Amino acid sequence: MSRSAVREIQVSGIRVHRDEVVVPAQIGDAVHGLLTCPAAPLVTGSLRAKGRTVRLADFPRCDDPSGDFDARLYLATCPQQDGTTAAIAAAAAPGDALSATAARAAVEEWAAVSGSRTLLLAGSPWCSGAMHAASAATQAASECRGTGRQVHVLAPAAIPDETAIALDDLGAVITSSLAEVDPGDVVVVPAHGATAEMRAEAIRRGATIVDATCPLVAAAQTAASRSADRGQQLVLIGQPGHASTATIASQAPGGVTIVDTPAKTAAVRAGDSRQLSYLIQPGVTLEAGAPIVTALRSRYPAVRSAVPADVCYAPSDRAGTIYSVALGSELMLVLGDPQAPDTKQVCGYARDSGTRVQTIAGVPDIRPAMLTSVDTIGLAESTSAPVGLAAQVIGALSGLGRLSLARRRLTTEKSTVGV
Ligand code: SF4
């Protein structure tokens, strides 16, 4: 890893106040020409974390004047993947020793961890079912715009932030209540489906239903309904609070036992195991579901899967991708709200690899010490990651030297026997 020396340049033509540090986004450098500073958000973040007042401003020219000058600029350069040169820089007013010390220290600490790196990306946190529902909701909202027909997308919508923003712009609402639905309105059922009661209520109110239920969730709902029709008991291996758990269980009132650990299979009561079936809730990984199936089968050997052909591999593929990316990295960055359940789950998959994991809610959360002696960084997004955060992190890290990007995504391919 090559590290760049920090130069001090006396600059005129830019006003820097006492007690502030100015971080440039661009610098007109006499040696290199125009330098961009993609790492500016990193430099700004570490200065603000130390309580410094920071302002962003471009430095159109930084020739070293022979006489009076307006700022001391501390600057290190590093090569970029495209052959250009970038700068890591910060400036303070002449005679402001405290700010100058802070500016130099910030540039030095980021220059010390500059160098060529690989960023291994774990791909989108959104599955095909969620993306299909996002697209169906957006299309419904576009078609209804200006017609007086309100579009209601049932919550939790489980869609990317950018889709939620687009829906809001188009006048659609994301809601868990149908109280405001008028005749002629449109109700969009999201990927995890709707309970039987919600569907009935939407129809009773005269709404048109746009059904974006994921086919795999729909298959699980049908299996639950079929099980109830036959008078059978169904063990739903799933998360009690998950939206699709409720929509599946609603198809067989009183006939479903929800189990989320092997130990809880002790609560299952069935006289005849041939009258018992199970299904793994779409959204739960097969790896989490399998030990529960084993525990269930130890008590009911004849228990069968209610949907043997309609398995959702997306959660397992995502978990495997994150584990694999983390395993191939020296540091794993997980983007998103640290308190969000999905962020905690992603961190768990990454930690299983033994790799160091850092949750990043914003670019300023990245600290120089995290990158010391790190050549390969893994990056995974939680569904709670704000719009554009991944691009901001990639952009900022690119300002520390050549950054090559690689994407890894594990997918399970289904095929028919003999094909
Ligand atoms: S069933 Fe699978 S693909 Fe469908 S919405 Fe759920 S996680 Fe996504």
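## Strand pairing

In this predicted model, strand 15, which spans residues 276-280, pairs with strand 16 in the parallel sense over two bridges. Within this part of the structure, Tyr278 stands opposite Ser305 of strand 16.

Strands 15 and 16 belong to an open sheet of four strands with parallel pairing, and the order across the sheet is 14-13-15-16. Its edges are formed by strand 14 (256-259) and strand 16 (304-305), each of which pairs on one side only.

## Helix 8 and the sheet

Helix 8 covers residues 286-299 and lies across strand 13 (233-237), strand 14, strand 15 and strand 16. Relative to strand 15, helix 8 runs at about 165 degrees.

## Domain assignment

The domain assignment of the chain gives four ranges: domain 1 (7-113), domain 2 (128-214), domain 3 (216-305) and domain 4 (314-407).

## Contact between domain 2 and domain 3

The centres of domain 2 and domain 3, taken over C-alpha atoms, are separated by 28 Å. Ten residues from domain 2 and ten residues from domain 3 take part in the contact. Between them, the two domains bury about 700 Å², with 62% of this area on carbon and sulfur atoms. On the domain 2 side, the residues that lose the most area to domain 3 are His192, Thr195 and Cys214, which together account for 57% of what that side buries.

As for specific interactions, the count of salt bridges between domain 2 and domain 3 is zero. Five residue pairs are in polar contact between domain 2 and domain 3, with both residues at pLDDT 80 or more.

Definitions and conventions: Residues are numbered from 1 along each chain as its sequence is written. This is a predicted model: local features need pLDDT of at least 70, side-chain atom pairs count only at pLDDT 80 or more; totals for chains, interfaces and linings use all residues. Side-chain values use heavy atoms; hydrogens and water are left out. Two strands pair if DSSP finds at least two bridges between them. Contact means heavy atoms within 4.5 Å. Axes are lines fitted to C-alpha atoms, for helices over the stretch in contact, and angles run from 0 to 180 degrees between N-to-C directions. Domain bounds come from an automatic or database domain assignment. Buried area is the accessible area (1.4 Å probe) that two parts lose on being put together, summed over both. A salt bridge is a side-chain nitrogen of Lys or Arg within 4 Å of a carboxyl oxygen of Asp or Glu. A polar contact is a pair of N or O atoms within 3.5 Å; within protein, one must be able to donate a hydrogen and the other to accept it, and residues adjacent in sequence count only if both atoms are side-chain atoms.
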